[in-house]
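Notebook open, structure loaded. I'm jotting down what I look up as I go.

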Amino acid sequence: MKRKWQFWVGLIISGAALVLALLGIDLRRVAGTLAQAEYIYLIPATVGMLAYLFARSVRWRLLLGPEVSLSHCFWVTNVGYLVSNVLPFRLGDPARAVVVGQGGKVSIATALSTVVVERVLDMLMVVALLAGVTPFLSEAGSAVGAGLVAGGAALVASAVLLLLALRPDWGRRVARCVLGWVPRLDSERWMRALDELLEGLAPLRSGRRGLALLTQSVVTWACVVAFYWAIMRALLPRPPALAAPFLVCVVGLGMAIPSSPGAVGVFHAVARYGLTVPFGVQTNQAVTVAFAIHTFQYVVGCLLGLVGLARESLSLGWLRAQVADRGEVE
């Protein structure tokens with residue numbers, strides 16, 4: 001019942017957001033924008049998208065360790081995007097952990113902890129990018145507020161993860177104390193799970209690996225900005241200089257909103273108003289850009305994800321069942 005309730009809430013929010021995204025759109029002007037587009041820029045857009053996926057895979061391998069190959073990280077990363085695009089409840093991240101854990105080289109709990117570190121790094125990058133862009137914009141007040149909240153949460157999460165990585169014994173003592181208060185609980189089983197989670201934080205104990213993670217995060221998000229700029233340049237003769245990095249930030253923050261699989265509607269509404277409010281981009285052009293970016297990354301993510309599933313000899317149904325059985329969706 002809880003899952004059904006979350007599914008319908010996400011679906012309703014996506015539907016409402018899609019209405020907002022399409023409000024007042026003139027389809028003839030949208031068609032005119034598409035007719036005048038310079039599709040040659042889809043080539044650098046493709047390069048940027050693939051570079052982004054590769055950079056994410058390199059960063060994830062830094063967290064997982066040399067036991068997992070870079071090619072395996074790349075294809076499993078795309079499996080995660082496929083799962084998030086077509087299945088509800090945003091199962092992409094736990095699905096990645098399940099797939100990596102199938103090989104036995106890294107446990108599922110350890111892989112899941114690396115995914116958590118990834119997400120915290122992503123939020124830090126979004127907030128840092130937003131902090132660099134918003135001083136030059138006059139109509140970005142709400143985005144600044146959301147960025148401050150997200151930045152505070154990311155800093156707290158980073159501090160907790162770093163503390164657990166540097167002082168794992170502290171985390172174990174706190175966990176034992178908390179578990180001792182819960183009757184009829186197999187505390188040893190939970191402690192074993194905690195040890196696996198702490199193992200995934202091991203890269204944060206090394207200054208060199210920590211610096212490599214931060215550097216790779218910068219490269220990853222630079223590729224996202226390049227991808228967004230290329231799509232915008234294909235559809236807009238002179239896209240505003242800061243539109244691509246700002247749009248990356250507001251979309252990144254907006255993905256926290258519950259939605260349908262693939263963030264349909266939410267992505268488009270956030271992108272539309274992220275272009276029209278601070279930059280004055282015409283509504284029809286902004287919506288065209290929003291749909292182009294979403295469609296491009298959706299199609300690429302699904303195609304590469306299908307290849308990844310084939311390489312792993314897995315199916316979406318099996319993967320979803322595995323994630324649910326292991327309690328990752330609860």
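Helices first: I take them as DSSP runs of H or I with at least four residues, while strands are E runs of at least two, numbered from the N terminus. The expected span of a helix is 1.5 Å times one less than its number of residues. Before going on, I note that this is a predicted model, where local features need pLDDT of at least 70 and side-chain atom pairs count only at pLDDT 80 or more, though totals for chains, interfaces and linings use all residues. Residues are numbered from 1 along each chain as its sequence is written, and side-chain values use heavy atoms, with hydrogens and water left out.

**Entry: helix α3**

I checked the length of α3, residues 42–64. Its 23 residues should span 33 Å at 1.5 Å a residue, and the end C-alpha atoms are 33 Å apart, so the two agree. Right after α3 I find Gly 65, which has a positive phi near 100°.

Next I looked up burial, where buried means under 20% relative accessible area, exposed over 50% and partly exposed in between (1.4 Å probe, protein chains only). The buried residues of α3 include Ala 45, Met 49, Tyr 52, Trp 60 and two arginines, Arg 56 and Arg 59.

**Entry: Phe 296**

I moved to helix α13 (residues 283–312), where Phe 296 sits. Phe 296 counts as buried because its relative accessibility is 16%. What does Phe 296 contact, leaving aside neighbours within four places in sequence? Taking contact as heavy atoms within 4.5 Å, I get Leu 42, Ala 45, Thr 46, Met 49, Phe 227 and Ile 231. Ala 45 and Met 49 were already on my list of buried α3 residues. I also checked Leu 155, 141 residues from Phe 296 along the chain: their C-alpha atoms are separated by 32 Å.

**Entry: salt bridges**

My rule for a salt bridge is a side-chain nitrogen of Lys or Arg within 4 Å of a carboxyl oxygen of Asp or Glu. By that rule the count is 11.

I followed Arg 96 through two of its pairings. With Asp 93 the N to O distance is 3.0 Å; these two are three residues apart in helix α5 (residues 92–101), so about one helical turn separates them. With Glu 118 the distance is 2.8 Å, N to O. Glu 118 belongs to helix α6 (residues 108–133) and Arg 96 to α5, so this pair ties together parts 22 residues apart in sequence. Are the partners buried or exposed? Arg 96 counts as buried at 3% relative accessibility, and Glu 118 is buried too, at 0%.

I then pulled up Arg 172 and Asp 169, whose closest N and O atoms are 3.0 Å apart in a salt bridge. They are three residues apart in helix α8 (residues 168–180), so again about one helical turn lies between them. Arg 172, at 27%, counts as partly exposed, and so does Asp 169, at 46%. Back with Arg 96, I traced shared partners: salt bridges join Arg 56, Arg 59, Asp 93, Arg 96, Glu 118, Arg 119 and Asp 122 into one network.
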